[in-house]
Amino acid sequence: MKNFISVHDVADIDSLVQKAIAYKADPMKDKALGENKRIGLLFLNPSLRTRLSTQIAAQNLGMEAIVFNMDKDGWKLEFEDGVVMDGTSVEHIKDAAPIMGAYFDILCIRTFPLLLNREDDYNEVLVRQLMKYSGIPIVSLESSTLHPLQSLTDVITISELFKEKRKPKVVLTWAPHIKPIPQCVANSFAQWMNAWGSVDLTITHPEGYELDSQFTDGATIEHDQQKALEDADFVYVKNWSSFTDYGKMLPDNEKWMLTLDKLKVSNDAKVMHCLPVRRNVELSDEVLDSANSLVNLQGANRVWAAQAVLSEILNGAN
Ligand code: CP
């Protein structure tokens, strides 16, 4: 593996999942793989799980991990080519990226969409510029449009729990929120479920919250949440802002919060959420605190997803 930006960087999802599960059973088995290698984790916005799990994963592989809060401690970066830098930007990515490429063996980046201009966000300029100018493997810790480490974790979690011969019914349901949230987790979850092909995916959301079809093609779209939840084995809860009316929150959808009552029609569904979660806005306390909630398992599995990816990149680089 050269980079980890989306599911398209993965040759075989099932073997990557097996690799992660093997690390879960024996975290230190490849302690020598990353010896004398250094990984940089650049953050342009907050994180709990991604930051800690990726550091732990790197350390399990013997790597030195350095975290850099680029938004707070770094110079303000410019990304546009040929621009006259007489404004607030201090350093061009063309100058910063090769330096970081010299300091590190792998560079990880978490960025965030501004949700102002869809084309700008969906062009993923920061990730693409880092890939172009750093000269070393790049791992996405969540980009403007995708969250591949989270999605790999979600595949691992479903794979670990569902042992029946048939495909599980997986429902991605939109949930309310108090502010506009990117489409990254939902895009990425749909992309990975479709590419994996081992589940039947239904996506349910209010009218106006259609996701980009490049990620959802192959899934069933159902605007009646209760109908979508029928016979579900796994329910993934997530808010996202509008893709069509870009970055906007549409009114009157509070009733979409997931409750235990709504889940009665499911197949005793396990409930997933990437966290952080707004309790009693996105889903109720009673769901989150129930035995069917997988949120803690998902959070713990983030380590094994990151370790499998870093291991693949280290093996590819050797
Ligand atoms: N799920 C997730 O990426 O969590 P953090 O934002 O805390 O890293």
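I began with Pro-276, which I located in the loop between β11 (270–272) and α11 (285–288). The model I am reading is a predicted one. I then examined the bond that precedes this proline: Leu-275 and Pro-276 are joined by a cis peptide bond, with omega at about 0 degrees. For context, I noted that most peptide bonds are trans.

Leu-275 led me to the ligand, since a polar backbone atom of Leu-275 lies 2.9 Å from a ligand nitrogen atom. I looked up two further polar contacts. A ligand oxygen atom is 2.7 Å from an N or O atom in the side chain of Ser-47, and a ligand oxygen atom is 2.7 Å from a polar backbone atom of Leu-48. I recorded that the protein covers 94% of the 250 Å² of accessible area that the ligand has on its own. Among the residues around the ligand I also listed Arg-49, Thr-50, Arg-110, His-147, Gln-150, Cys-274 and Arg-302.

I next turned to the helices. How do α1 and α7 pack? I found an angle of about 75 degrees between α1 (residues 13–25) and α7 (residues 148–161), with the axes 10 Å apart. I therefore entered α1 as roughly perpendicular to α7. From α1, the residues in contact are Ile-13, Leu-16, Val-17, Ala-20, Ile-21 and Lys-24; they meet Leu-152, Val-155, Ile-156, Ser-159 and Glu-160 of α7. I classed the residues of this contact as eight nonpolar, one polar and two charged.

Lastly, I checked Asn-36, in the loop between α1 and β1 (38–43). Its phi is near 65 degrees, a positive value in a residue other than glycine. I noted beside this that most residues other than glycine have a negative phi.

Methods
Residues are numbered from 1 along each chain as its sequence is written. This is a predicted model: local features need pLDDT of at least 70, side-chain atom pairs count only at pLDDT 80 or more; totals for chains, interfaces and linings use all residues. Side-chain values use heavy atoms; hydrogens and water are left out. Axes are lines fitted to C-alpha atoms, for helices over the stretch in contact, and angles run from 0 to 180 degrees between N-to-C directions. Helices (H or I, at least four residues) and strands (E, at least two) are DSSP runs, numbered from the N terminus. Angles under 35 degrees count as roughly parallel, over 145 as roughly antiparallel, 65 to 115 as roughly perpendicular and the rest as oblique. Contact means heavy atoms within 4.5 Å. Ala, Val, Leu, Ile, Met, Phe, Trp, Tyr, Cys and Pro count as nonpolar, Asp, Glu, Lys and Arg as charged, and the others, Gly among them, as polar. A residue is near a molecule or strand if one of its heavy atoms lies within 4 Å of it. A polar contact is a pair of N or O atoms within 3.5 Å; within protein, one must be able to donate a hydrogen and the other to accept it, and residues adjacent in sequence count only if both atoms are side-chain atoms. Accessible areas come from the Shrake-Rupley method with a 1.4 Å probe; for residues, only the protein chains shown count as cover.
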